There are 2 protein chains.
Amino acid sequence: MKAPSNGYLPNSAEVEWKTINSELWHACAGPLVSLPPVGSLVVYFPQGHSEQVAASMQKQTNFTPSYPDLQSKLICRLQNVALHADPETDEVYAQMTLQPVNKYDKEAILASDMGLRQSRQPTEFFCKTLTASDTSTHGGFSVPRRAAEKIFPPLDYSMQPPAQELVAKDLHDTTWAFRHIYRGQPKRHLLTTGWSVFISTKRLFAGDSVLFIRDERQDLLLGLRRANRQQPALSSSVISSDSMHIGILAAAANAAANNSPFTLFYNPRASASEFVIPLAQYNKAMYTQASLGMRFRMMFETEESGVRRYMGTITGISDLDPVRWKGSQWRNLQVGWDESTAGERPSRVSLWEIEPVVSPFYICPPQFLRSKFPRQPGMPGVGHSILMSFYMDI
Amino acid sequence: MKAPSNGYLPNSAEVEWKTINSELWHACAGPLVSLPPVGSLVVYFPQGHSEQVAASMQKQTNFTPSYPDLQSKLICRLQNVALHADPETDEVYAQMTLQPVNKYDKEAILASDMGLRQSRQPTEFFCKTLTASDTSTHGGFSVPRRAAEKIFPPLDYSMQPPAQELVAKDLHDTTWAFRHIYRGQPKRHLLTTGWSVFISTKRLFAGDSVLFIRDERQDLLLGLRRANRQQPALSSSVISSDSMHIGILAAAANAAANNSPFTLFYNPRASASEFVIPLAQYNKAMYTQASLGMRFRMMFETEESGVRRYMGTITGISDLDPVRWKGSQWRNLQVGWDESTAGERPSRVSLWEIEPVVSPFYICPPQFLRSKFPRQPGMPGVGHSILMSFYMDI
DNA sequence: ATGTAGGCCAGATGCCGACAA
DNA sequence: TTGTCGGCATCTGGCCTACAT
């Protein structure tokens, strides 16, 4: 599982090898991001983009593109995944090549059994949101005690003061060196020399996060996640995102019509919700009968790169865009949240994002499920086994 | 012709008003950039992009998109133009909405008579390429004498030393203040206080250019043009440019098939050659019979934002991409240049970029022209009048 | 346990004329 | 005419501890 000279790749058998360190990429992408394995089937929901595009396009040009050939979902085979990081911002993104699949044949089911791959969090890492002091020109970086002891090589505490040089590599294989010192009253771990050039070169500010991970070879890797600063109005995202999204819709429509592959870019930290879903995950969700008042849990990322589940209730089921994407399941569930810090959580979610909280009484009998989701020709009857594994997962 | 509070717009009757200062935008775009007026007909040559896309796509994914419905050119009505500037880089670009036109009807000819609009250079402006001293932290900006006397408000030379504060606005309406002082031995104009923050905030380096223009209200405007630095490999341009270009091809193909409008972005300083050509300019070029050995002139931009013509000879006529865009006229002329500083000038150009150098003996009789470019059904016979105006223009 | 402020020194910033191309 | 350098005053950057939360 080891790539020759650049860390190791969890999915190296399936993911094309790139110079990007895959473990660091996933750490930067966050704990909730899991890319489907190459060769699997995925569901691509174009309206995930359309929603955002329509708003900005209408502002800009009073014109909304329409692609009548494009269904609200598109089942594809994932031909290729490549990991990238923007050299300016270190923003991580993935490039996927998708081949539309027309027939819902047996191969589809087999491939769907490849299932989801959990994105393993690196075993040893920490993530800290930068404070004003961390980013000031006046001083260095204050390392949380547990983090320093877990991740950094142990200091020689017989020295006065204990200190060493740390070397870490970022996603572009650029090397950064820091002086790690343990001093002050009370004693603390600090990064001094080298820290300010890192901060200024990467253009980091208070609120952004840095993460250090230690790989199997004890090498230090250094990633970052920028805070979601509001984009300046009429920014380059007009080009790089809107135009891209329009292009994605057009390319998907074209690819579906011609049975040809197309490429899209997935930026996990820019788009809050997935628009490429592993077919297994989608199928699993389709066995859930969503209903008003249904209780569910959903995972969110914490500031320290962990996950936490919040509970909510389905308050409505309706099309997000009844005109252009009627009957689409993309964010068709309106939800309320138990905890009142509401602004942070979305008011609309999709069925495959949530985990229903079920009591045995709420299990729908299989025959009801089949009547709502009739078995496709050539699709073997796997309802029970999937149903079982589904409940076992919860 | 004046917009209420933000400079004036040369094309204000036709170009939608934006918060971008149009005069400064055109100055930054360069003397050779002229946008066609809204409402006119333009020819869109998709392969201008395809050429670049194919190379990078094959590197990335071993997959070249193909859009069989897309002809090598697409006649469109220009519905809208908006001017923008990237807030990070100040790179100027235009956003155009194009409606494909299927019929080559009379309206097309009338619209084509709207002709080209010359991009007027601002009357009072100067452009200087920054030296190492200009960008060093050690000092300020040395203003060329003629430039300072032409553009800046006159100094009070009775002061010792003569000095004043200059205030200028950039494309984002951000205000910059500089101390303008006339001192030294020999005397010279310098910008001191305020200059270094401008340099560092805009991230300018030796080789980049700044330009000061004075508008009709005597206000100073401040633009910049970055040197063509080589892009870092696998940069964000993979997203913002390649994906965009693919999207443009797909969107154009879709729009042509559905007779619907599409939007594209035109970055005049990134793409060396036009891919949106005013129909009048195209038609005019089509009355030129290109032949091996033909002499021509072509305009290029000088470093100081002027233009100069170089002479060359047509050395070959061949398809740029014989497989996918057979018979396309986009850069189908291979050329040699008279002056031997060859590397700077392209080896392939398109017919509408050049000005043939003709002697009376080389004028083709009209009947020959007609046999090569047969009159379209419904297209009135305007050959002679256009032919005349063409030669008069030279 | 860790964020921020004050002290203090070294090195960078930035204004100047000299000189040369 | 204007690019670069040496001289020099000033200010910021950056390492340290103290103190507060």
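How many bridges pair β5(B) with strand β8 (residues 188–191) of chain B, and in which sense do they run? The tour begins there, in a model that is predicted. Select β5(B) and β8(B): the two pair over 3 bridges in the antiparallel sense. Within this pair, V143(B) stands opposite H189(B) of β8(B).

**Stop 1: the sheet of 7 strands in chain B**

Extend the selection to the whole sheet. It is an open sheet of 7 strands with mixed pairing, in the order β4-β9-β10-β6-β7-β8-β5 (chain B). The edges are formed by β4 (125–129) and β5 (141–143) of chain B; each has a single partner strand, so one side of each is left without a neighbour in the sheet. On average, neighbouring strands of this sheet are turned by 35° against each other, direction ignored.

Next, display the helices that pack here. α1(B) lies across β6 (163–169), β9 (209–214) and β10 (220–225) of chain B, and runs at about 30° to β10(B). Then select helix α6 (residues 195–202) of chain B, which packs on the sheet and touches β5, β7 (175–183), β8, β9 and β10 of chain B. The direction of α6(B) makes about 135° with that of β7(B).

**Stop 2: the sheet of 5 strands in chain B**

Proceed to an open sheet of 5 strands in the order β11-β3-β2-β1-β12 (chain B), where the pairing is antiparallel. Its edge strands are β11 (262–266) and β12 (276–278) of chain B, each of which pairs on one side only. Here neighbouring strands are turned by 45° against each other on average, direction ignored.

Helix α1 (residues 22–29) of chain B packs on this sheet as well, touching β2 (74–85) and β3 of chain B, with its direction at about 100° to that of β3(B). A further helix to select is α8 (residues 279–286) of chain B, which lies across β1 (41–44), β2 and β12 of chain B and runs at about 75° to β12(B).

Now isolate the edge strand β11(B) and its neighbour. Strand β3 (residues 92–100) of chain B is joined to β11(B) by 5 bridges, and the two run antiparallel. L98(B) has F262(B) of β11(B) as its bridge partner, while A94(B) stands opposite Y266(B).

Is β11(B) enclosed or open to its surroundings? Of its 5 residues, 5 are buried, so β11(B) is largely enclosed by the rest of the structure. Show the side chains: F262(B), L264(B) and Y266(B) point one way, T263(B) and F265(B) the other way, and all are buried.

**Stop 3: F45(B)**

Select F45(B), in the loop between β1 and α2 (47–61) of chain B. F45(B) counts as buried because its relative accessibility is 0%. Leaving aside residues up to four places away in sequence, F45(B) touches several others, including S72(B), F275(B), I277(B), Y282(B), W330(B) and W352(B). S328(B) is also touched; although F45(B) and S328(B) are 283 residues apart along the chain, their C-alpha atoms are separated by 8.6 Å.

**Stop 4: helix α8 of chain A**

Move to helix α8 (residues 279–286) of chain A, where 6 of the 8 residues are buried, so the helix is largely enclosed by the rest of the structure. The buried residues are L279(A), A280(A), Y282(A), N283(A), A285(A) and M286(A).

**Stop 5: DNA strand C**

Select DNA strand C and the 21 residues around it; those that come nearest are K128(A), S133(A), R145(A), R188(A) and R183(B). By class, the surface near strand C has 4 nonpolar, 11 polar and 6 charged residues. Of the strand C atoms within 4 Å of the protein, 52% belong to sugar or phosphate and the rest to bases.

Three contacts merit a view:

- An N or O atom in the side chain of H138(A) is 3.0 Å from a base oxygen of strand C.
- A polar backbone atom of R145(A) is 2.8 Å from a phosphate oxygen of strand C.
- A polar side-chain atom of R188(B) lies 3.3 Å from a base nitrogen of strand C.

**Stop 6: DNA strand D**

Finally, select DNA strand D. It is surrounded by 21 residues, the closest being R183(A), K128(B), S133(B), R145(B) and R188(B). A backbone N or O atom of R145(B) lies 2.7 Å from a phosphate oxygen of strand D, and a polar side-chain atom of T193(A) lies 3.0 Å from a phosphate oxygen of strand D. On the base side, a polar side-chain atom of H138(B) lies 3.1 Å from a base oxygen of strand D.

Notes. Residues numbered from 1 in each chain as written. Chains lettered and ligands numbered in written order. Predicted model: local features only at pLDDT ≥ 70, side-chain atom pairs only at ≥ 80, totals over all residues. Heavy atoms only, no water. Pairing = 2+ DSSP bridges. Helix = DSSP H or I, 4+ residues; strand = E, 2+ residues; numbered from the N terminus. Axes fitted to C-alpha atoms, helices over the stretch in contact; angles between N-to-C directions. Contact = heavy atoms within 4.5 Å. Near = heavy atom within 4 Å. Polar contact = N/O pair within 3.5 Å; in protein donor to acceptor, adjacent residues only side chain to side chain. Nonpolar A, V, L, I, M, F, W, Y, C, P; charged D, E, K, R; others polar. Buried < 20%, exposed > 50% of the residue type's maximum accessible area, 1.4 Å probe, protein only.
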